[in-house]
Amino acid sequence: MADRDDDAEAPQRSDSWRLDAGPEARASTASRERGPVPRASGHALASRPAPDDSCPAADSIHAAAASGRDEPSRDTAVAAAQSGEPGPLATPAPRKRLELRRAADLAALPLAPADRARDAEAAASFHVKAPRRYLELIDWADERDPIRRQVIPSAEELVHDPREREDPIGDAAHSPVPRLTHRYPDRVLLYPTYQCAVYCRHCFRKESLADDDAATYTIDTLEPALAYIAEHPEIREVILTGGDPLILANERLEELRRRIEAIGHVRLLRLHTRIPVVLPERINPGLVAALKGRLMVCVVTHFNHAREITEATVAAARTLREAGFMLLNQTVLLKGVNDDAEALRTLFRELVYALGIRPYYLHHCDSTRGLSHFRTTIDRGLELMTALRGHISGLCLPHYVLDLPGGDGKIPLGPSYVAARSGFEWKFKTYDARTRDYSEIVTENPPRDR
Ligand SMILES: *Cc1c(COP(=O)(O)O)cnc(C)c1O
């Protein structure tokens, strides 16, 4: 909370995600910092650079990586920043050749030398990677940039609290066969790959990821999991997660989708993915064709801040919506990124109004090792939820949940609007902090003891 309150006093900070900045203020800030704002759009979208230098297309992510055609080069903005000179960096973010595929690439980013030494140590403890277009959204002049905090390693990650865990939500405790977690009666998690397009510093599964896993993927690795699903008629929903399932090429996804839909009792295919956020160009017609079939399809994205909403993500969401897919989003509540009522209100509104994506869960930060610097208290989360409900459309309101350590499942955290009750006499809190009595109209059953 303190972080963000301080931030409110820094007028040079981007207003593009601020709720109370009027459309003009937001548009002018956005155009100064992020390029032109699309005309006739009432919202303040960050504008990504034109897709001239080919973001790796759907099926060639690995080919691009292997060919090295995106190797970092030191353009003047980056070089100036490294030498500490006040280069063009001081204003807009550098536009070209930002690269973050491995820890060594940190050296070419405009980080303060002091940070680089500390961060290098943290980088060694967990994969480092982010697509260039996502890095381009960072305001490097701002140490607390919400996108930067999600992808640039920080020495704080090396602080391990003994109460934190390697497997924070018990994925392994409920894994009857490899690459599958069956916690709830009617739905399973399936992990086709443990590789991602971006490695989020706040990842709850950071200790199970493998950066080159998709390279060796074949459907064979999923045969035991597919057999398990076929043997369990209670499973109605298969959730592809990982890793990021959209790392896989369209043909592989289509093969997997066909295998899953051949299991008659499965009704819905869900994909948990960050690719629409960090690599929206990956969302192409071939992907839609690969996923479309007998099953209802639900894509669950992972936006944490309104600054991640750009023209390219709007286009990606439109493609998925037009395909008829259900679109939901999960956000992780992160200190220093989005633990701020205005930031969350703007994020959840823009998800609905700009992207047509319904906020689904706001996750309390898990007990993963090395995430203490990101973790708020539950009280703070409840306070933020109170600042949302009623103040923004119910369409924009996620459930605030905690995943219990050990695999006991998700707990809806509230807040509760019950101030008191006695029998059928209730006292409720209203969204604007008044208290109101309510007598339940009960005609048959006598009041039960509570
Ligand atoms: C979160 C989770 C799910 C999905 O839960 P929903 O409430 O349906 O979104 C399924 N399985 C496991 C193990 C989970 O952690």
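The following exercises, each with a worked solution, concern the ligand shell, two sheets and the nonpolar core of a predicted model.

Residues are numbered from 1 along each chain as its sequence is written. In this predicted model, local features need pLDDT of at least 70 and side-chain atom pairs count only at pLDDT 80 or more, while totals for chains, interfaces and linings use all residues.

**Exercise 1.** Determine which residues surround the ligand and which strands supply them.

*Solution.* Step 1: apply the criterion that a residue is near a molecule or strand if its C-beta atom, placed from the backbone, lies within 6 Å of it. The shell then consists of Ile169, Thr181, Arg183, Tyr184, Arg187, Leu189, Ile239, Asp403 and Lys410.

Step 2: sort the shell by class, with Ala, Val, Leu, Ile, Met, Phe, Trp, Tyr, Cys and Pro as nonpolar, Asp, Glu, Lys and Arg as charged, and the others, Gly among them, as polar. The result is 4 nonpolar, 1 polar and 4 charged residues.

Step 3: assign the residues to strands (E, at least two residues) or helices (H or I, at least four), which are DSSP runs numbered from the N terminus. Strands E1 (180-184) and E2 (187-190) each contribute at least two shell residues, and E1 provides the largest share, 3 residues.

**Exercise 2.** Describe the sheet that contains E1 and E2, and the loop between these strands.

*Solution.* Step 1: strands pair if DSSP finds at least two bridges between them. On this basis, 9 strands form an open sheet with mixed pairing, in the order E1-E2-E3-E4-E5-E6-E7-E8-E9. E1 and E9 (410-412) are the edge strands with a single partner each, so one side of each has no neighbour in the sheet.

Step 2: E1 and E2 are antiparallel and share 3 bridges; Thr181 stands opposite Leu189 of E2.

Step 3: the loop between E1 and E2 holds Pro185. A residue is buried if 20 or more other C-beta atoms, placed from the backbone, lie within 10 Å of its own, exposed if 12 or fewer, and partly exposed in between. Pro185 has 9 such atoms within 10 Å and is therefore exposed. Its C-alpha atom is 10.0 Å from that of Glu237, 52 residues apart along the chain.

**Exercise 3.** Characterise the sheet of 3 strands and the burial of E12.

*Solution.* Step 1: the order of this open sheet is E10-E11-E12, with antiparallel pairing. E10 (418-422) and E12 (435-439) are at the edges with one partner strand each, so each has one side without a neighbour in the sheet.

Step 2: E11 (residues 425-429) is joined to E12 by 5 bridges. Lys429 has Thr435 as its bridge partner, and Phe428 stands opposite Arg436. Between the two strands of this hairpin are 5 residues, and Ala433 takes a positive phi near 70 degrees.

Step 3: E12 is hardly covered, since 0 of its 5 residues are buried.

**Exercise 4.** Locate the largest nonpolar core relative to the domains.

*Solution.* Step 1: a nonpolar core is a set of buried Ala, Val, Leu, Ile, Met, Phe, Trp, Tyr and Cys residues joined through C-beta atoms within 7 Å. The largest has 89 residues, of which Tyr134, Val151, Leu190, Val198, Val238 and Val278 touch the most other members.

Step 2: helix H13 (residues 341-355) gives the most to this core, 7 residues. Domain 1 (48-158) and domain 2 (172-412), with bounds from an automatic or database domain assignment, both contribute residues, so the core lies between them.
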